[in-house]
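Student: Hey, can we go through this one together? I'd like to get a feel for how the chain is pinned together.
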Amino acid sequence: MANKMHRSLSFFVIYALVIAVQLMQVEAKPSPCNVILRSCFTDNCSKKCMDYRGNSILLSSNCNFYNLCTCEYDKPPAGRSCTVGMGLCTDICGESCCDGNCKGRYMHTGTGVCVHDYDLYFCKCVYLR
């Protein structure tokens, strides 16, 4: 009888640990939200990101993607989508390629479109997080 209780208790403890590990994975910290604002040629990128953040926390700002001001926030600023540049659109990689690359990176929420903006023709990936 004691042996059966020991086995039941061991099973219950292992089961509880498996559930706890699964819950920790679900509650993992979400990925940041990037937003492309404008060209870095005309404005101070970090200041624009701070002005634009609303109730979001600005994690970083950079001009690494073709000199476009890209802000990284802890969550999307109110009324904004997360956007990231995924390279230039060309004859080799147009609309369907852009969309495929975006969906590959943000599997369930990404949509890629080629846009003419800031004197560039680039793949703009819009995603939810």
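Tutor: Sure. Keep in mind that this is a predicted model. Let's start with one link: a disulfide joins Cys98 to Cys123, with an S to S distance of 2.0 Å.

Student: Which parts of the chain does that pair link?
Tutor: Distant ones: Cys98 sits in helix α3 (residues 95-105) and Cys123 in strand β6 (residues 120-127), 25 residues apart.

Student: And is the link of Cys98 and Cys123 right-handed or left-handed?
Tutor: Right-handed, with 85° about the S-S bond.

Student: Okay, new topic. Is Cys98 buried or exposed?
Tutor: Cys98 is buried, because its relative accessibility is 1% and buried means under 20%. Cys123 is buried too, with a relative accessible area of 2%.

Student: How many disulfides does the structure hold?
Tutor: It holds 8. Among them is the one between Cys45 and Cys69, S to S 2.2 Å. Cys45 lies in helix α2 (residues 45-52) and Cys69 in strand β3 (residues 68-73), so this pair ties together parts 24 residues apart in sequence.

Student: What about Cys49 and Cys71?
Tutor: They form a disulfide as well, with their sulfur atoms 1.9 Å apart. Cys49 is in helix α2 and Cys71 in strand β3, 22 residues apart.

Student: Why is the Cys49 and Cys71 disulfide left-handed?
Tutor: The torsion about its S-S bond is about -80°, so it is left-handed. For Cys45 and Cys69 the torsion is about 85°, so that disulfide is right-handed.

Student: Are those cysteines buried or exposed?
Tutor: Cys45 and Cys69 are buried, and both Cys49 and Cys71 are buried as well.

Key. Residues numbered from 1 in each chain as written. Predicted model: local features only at pLDDT ≥ 70, side-chain atom pairs only at ≥ 80, totals over all residues. Heavy atoms only, no water. Disulfide = S-S within 2.5 Å. Helix = DSSP H or I, 4+ residues; strand = E, 2+ residues; numbered from the N terminus. Buried < 20%, exposed > 50% of the residue type's maximum accessible area, 1.4 Å probe, protein only.
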